[in-house]
Amino acid sequence: MKWKNKGYELDKVAEDITELIRLHEKIYVFGAGVFGKNMQEILEYLHMFGGYIDNDKEKQKNGVDGKEVISFDQYLKNGNQNQIVIAADKKNIPSISKQISENGFEINKNYFTYETFMYYYLPIIMAYEYNTSYVALAQICLTERCSLKCEKCAHGCFNVGSDVPDMEFSLACQSADSFFSKVDVCGEFVLIGGEPLLYKELPETIAYIGEKYRSQMMILSITTNGTILPGPAVIEMCQKYDVTFRISNYSKEISVLKEKYEKLTALLDENHIPYTLGKSEEEWVDYGFEWVMYEADEEKLTGVFDACKTPCREIRGDKFYYCVMARSVSDNLKFHVGEDDYLDMSSLTGENYKKILLEFSVGYSDKGYLDMCRRCNGAEAYRYPVPAARQKR
């Protein structure tokens, strides 16, 4: 989306959504799993959590983490008029959405999907109703080096040699300082790579960010491929600052990783460090960075960008990037594309800066697209499936 009225683009949307929130007060979460628990934490922070709805009879019977779970039929019988957020796996969203809409609920009015609410409506509510700048997900890429060489790595890390320097520790600190000087609350702040456990200053980075900014983030996490066990210093800092490990599961393609995951999860369990390890990934998508080249006009590229809605923001010094993949792929594959496609956090001054930051975070910019959109399949990438984590020979 191209900026036309910077700082005021979302006024009408904000008026409508905040009116609904004031009217209904509480929000019910449909789905009492991992996504639901994340949603619960955020809504409780805002004093807006109404309860859980789930089709799982065991969860209805036993509850989840001390919280009551009701069926959708029970929700209707109770005469609730609260809004609902579907917090479920993508494959289950269509059936749940149908279940809700057949009872007269309207999408983006009476109910929302997780991603739409988290990455669009919630930041608007926070800015306009609470005068709080909120970013759902942001990352610092500490190293582009990786312990794997995945053919279709979305960051292009297969092209990064072991001798490529990592981010300077001082820049990692400056990045956090810059981000949290303008962002009041971050839903999840992630230390990523490459493989972040290759980063020698990882304990010091966790300590710096944790000590100064842990209260400004709901979740502090490390995304790892699970090939490297964290050392004692990393374990100590993760315990101290409540760091969650997000472990990518590539064991279907790389069978030896199954044993590594067992060792890693045992270590994390032993030290009471939370983690997630999903099912083994079978399929990725090919974004086409190496072969796509759109000779498109500005309007077409804006359409490609608007359809994508990637949630992956990155902070690097004072540079706030809308798409971490666009930045990292351009750097790692030496494209030198979109080098100015960022928001300068140091330029955000004046009383309206939170709304400008909000607008950028939901997809507004001076051009309305990223230069790397010319080299990306974007929302159409699902049409190009590839095996997950296949290694370069």
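In the predicted model, a salt bridge joins the side chains of Glu259 and Lys263, with a separation of 3.7 Å from N to O. Both residues belong to helix H10, which spans residues 257-270, and they are placed 4 residues apart, about one turn of the helix. Glu259 has a relative accessibility of 48% and counts as partly exposed because the exposed class begins over 50%. Lys263, with a relative accessible area of 49%, is likewise partly exposed.

Other salt bridges connect parts of the chain that lie further along the sequence. The side chains of Lys367 and Asp341 meet at 2.8 Å, N to O. This pair links distant parts of the chain, 26 residues apart: Lys367 lies in the loop between helix H13 (353-361) and strand S15 (385-387), whereas Asp341 lies in the loop between helix H12 (324-332) and strand S14 (343-344). The two partners differ in their surroundings, as Lys367 is partly exposed with a relative accessible area of 26%, while Asp341 is buried at 13%. In addition, salt bridges with shared partners join Glu144, Glu314, Arg316, Arg327 and Asp331 into one network.

Across the whole structure, the search finds 24 salt bridges. One of them is formed by the side chains of Arg145 and Asp166, at 2.8 Å from N to O. Arg145 and Asp166 both lie in the loop between strand S6 (134-141) and helix H7 (169-182), so their contact ties together parts that are 21 residues apart in sequence. Arg145 has a relative accessibility of 15% and therefore counts as buried, the limit being under 20%. Asp166, by contrast, is partly exposed, with a relative accessible area of 22%.

Aromatic contacts were examined next. A pair of aromatic rings is described by the distance of the centres and the angle of the planes. The search of the whole structure finds 22 aromatic pairs. Among them is the pair of Phe49 and Tyr52, which is edge-to-face, with 5.2 Å from centre to centre and 75 degrees between the planes. Both Phe49 and Tyr52 are buried. Elsewhere, ring pairs link Phe179, Phe180, Phe189, Tyr213, Phe305, Phe320, Tyr322 and Phe360 into a cluster.

Aromatic rings also take part in contacts with charged side chains. Arg375 lies over the face of Phe335, at 3.8 Å from the ring centre. The charged end of Lys392 is placed over the ring of Phe158, at 4.8 Å from the centre of that ring.

The analysis then turned to empty space. Rolling a probe the size of a water molecule over the atoms shows where empty space is left. The second largest pocket has a volume of about 310 Å³. It is lined by 20 residues, of which Trp3, Tyr342, Phe360, Ser365 and Asp366 are the closest to its centre. Phe360 is thus found both in this lining and in the aromatic cluster. By residue class, the lining of the second largest pocket divides into 11 nonpolar, 4 polar and 5 charged residues.

A final position concerns a proline within a helix. Pro203 is located in helix H8, which comprises residues 202-213. With a relative accessible area of 14%, Pro203 is buried. Pro203 and Ile235 are separated by 32 residues in sequence, and their C-alpha atoms are 8.3 Å apart in space.

How values were computed
Residues numbered from 1 in each chain as written. Predicted model: local features only at pLDDT ≥ 70, side-chain atom pairs only at ≥ 80, totals over all residues. Heavy atoms only, no water. Phe/Tyr/Trp six-rings, centres within 6.5 Å; stacked < 30°, edge-to-face > 60°. Buried < 20%, exposed > 50% of the residue type's maximum accessible area, 1.4 Å probe, protein only. Lys NZ or Arg CZ within 6 Å of the ring centre and 35° of its normal. Salt bridge = Lys/Arg side-chain N within 4 Å of Asp/Glu carboxyl O. Helix = DSSP H or I, 4+ residues; strand = E, 2+ residues; numbered from the N terminus. 1 Å grid on protein atoms, 1.4 Å probe; cavity = no way out; pocket = protein on both sides within 12 Å on 5 of 7 lines; lining within 4 Å. Points joined across faces, edges and corners; volume = space filled by probe spheres on them. Nonpolar A, V, L, I, M, F, W, Y, C, P; charged D, E, K, R; others polar.
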